[in-house]
Amino acid sequence: MTSSGAFLHHLLKALKKAPACLVTVQQTEGSTPRERGAWMAVAADAVVGTIGGGHVEFQAIAEARRRLAAGPGAAVLRYALGPSLGQCCGGVMHLRYEQVTQADAAALVARLAPRQVPVALFGGGHVGQALARVLAPLPFALTWIDSRDGIFPGDVAPEAACEHSDPVQAAVPGLAPGSRVLIMSFSHAEDLDVVAACLRRQRERGDLPFIGLIGSRSKWATFRHRLHERGFAEAELAQVTCPIGVPGIAGKAPEVIAVAVAAQLLQTLPPDGNERA
């Protein structure tokens, strides 16, 4: 479950006991610790979520509790993140305060549920398992695919969809539009077939914004030659990222690779971290 999803779950649970004051970043100007749409819910004895921490959050919590005690109502207040708040971001946050109750649960789910970007992960090996763990709290909806039976671990996040596909590349046409694809199967032959299937889909639909292949530059040089032989042009091959992971991270442990790749996927998202429909 993403952190935003976990916050929403805790908010809905808390509303069964008592109302809360929902504080939402309605607008920002300049440099701010959180983006528009970020939120926290303040109850009499608990806080769920965050609008960025620091003194502005401390003041917002106090204001939310004051408004919660005063009863229903909504307001938007402006906070300049300068010396008066003991912060030096230099930006401005406009925070909306509103009281919410259990009766608002359905509307809150529709409004606050995080938009998740689909990721298709081919390969259930050590790096794949580490990556699945790293992606779990991030704004991605994971589809995990392998041609082998019994490969997925027992502690997979419940939101992840684990699929058996043999041949593995047969899963490519059914991927959700907008999927970021990561290819790291146990076999170079499978990897090649998945890359080729992704490139064929790109010819037809052009709806895979990121196709990442694990491996070295020499592996990609071999793949390029074989993909040329299958009829793919240079412009098509340019859509594949190999090696994967943000540059400058040299470690090869599965967990290190997973962090580098997850960071690279985050770079494909809009600045607020949420893909638009």
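Helices H4 and H8 sit oblique to each other, and this predicted model lets us see how they manage it. H4 covers residues 126-135, and its axis lies 8 Å from that of H8, at an angle of about 50 degrees. Angles under 35 degrees would count as roughly parallel and 65 to 115 as roughly perpendicular, with the rest, apart from those over 145, called oblique, so "oblique" is the word for H4 and H8. Their crossing is right-handed.

Who actually touches whom here? On the H4 side, the residues in contact are His 126, Val 127, Ala 130, Leu 131, Arg 133, Val 134 and Leu 135. Across from them, H8 brings Pro 254, Glu 255, Ile 257, Ala 258, Val 259, Val 261, Ala 262 and Leu 265. Sort this contact by class and you get 12 nonpolar, 1 polar and 2 charged residues.

Now for another pair, H5 and H6. H5 runs over residues 188-204 and H6 over 217-229, and their axes cross at roughly 55 degrees, coming within 11 Å. That makes H5 oblique to H6. H5 passes H6 in a right-handed crossing. From H5, the contact uses His 188, Asp 191, Leu 192, Val 195, Ala 196 and Leu 199, while H6 supplies Lys 219, Phe 223, Arg 226 and Leu 227. This contact divides into 6 nonpolar, 1 polar and 3 charged residues.

Let's go back to H8, because which part of the structure gives the second largest pocket the largest share of its lining? That would be helix H8 (residues 254-266), with 4 residues. The pocket holds about 430 Å³ of space. Its lining has 16 residues, and those nearest its centre are Gly 215, Pro 243, Ile 244, Ile 249 and Ile 257. By class, the lining counts 10 nonpolar, 4 polar and 2 charged residues. Notice Ile 257: this residue is listed near the pocket centre and also turns up on the H8 side of the contact with H4.

Pro 243 deserves a second look too, as it follows a cis peptide bond. Here are two such bonds side by side:

| Cis peptide bond | Omega | Where the proline lies |
|---|---|---|
| Asp 166 to Pro 167 | near 5 degrees | loop between strand S8 (161-164) and strand S9 (180-183) |
| Cys 242 to Pro 243 | near 0 degrees | loop between strand S11 (240-241) and H8 |

So where does Pro 243 fit in the picture? Its loop runs between S11 and H8, and Pro 243 itself is one of the residues nearest the centre of the second largest pocket.

Technical notes: Residues are numbered from 1 along each chain as its sequence is written. This is a predicted model: local features need pLDDT of at least 70, side-chain atom pairs count only at pLDDT 80 or more; totals for chains, interfaces and linings use all residues. Side-chain values use heavy atoms; hydrogens and water are left out. On a 1 Å grid over the protein atoms alone, a cavity is a set of points where a 1.4 Å probe fits but cannot get out, and a pocket is an open set with protein on both sides within 12 Å along at least five of seven lines; lining residues have an atom within 4 Å of a point. Grid points are joined across faces, edges and corners, and a volume is the space filled by probe spheres set on the points. Helices (H or I, at least four residues) and strands (E, at least two) are DSSP runs, numbered from the N terminus. Ala, Val, Leu, Ile, Met, Phe, Trp, Tyr, Cys and Pro count as nonpolar, Asp, Glu, Lys and Arg as charged, and the others, Gly among them, as polar. Axes are lines fitted to C-alpha atoms, for helices over the stretch in contact, and angles run from 0 to 180 degrees between N-to-C directions. A crossing is left-handed if the near helix is turned anticlockwise from the far one by less than a right angle, and right-handed if clockwise. Contact means heavy atoms within 4.5 Å.
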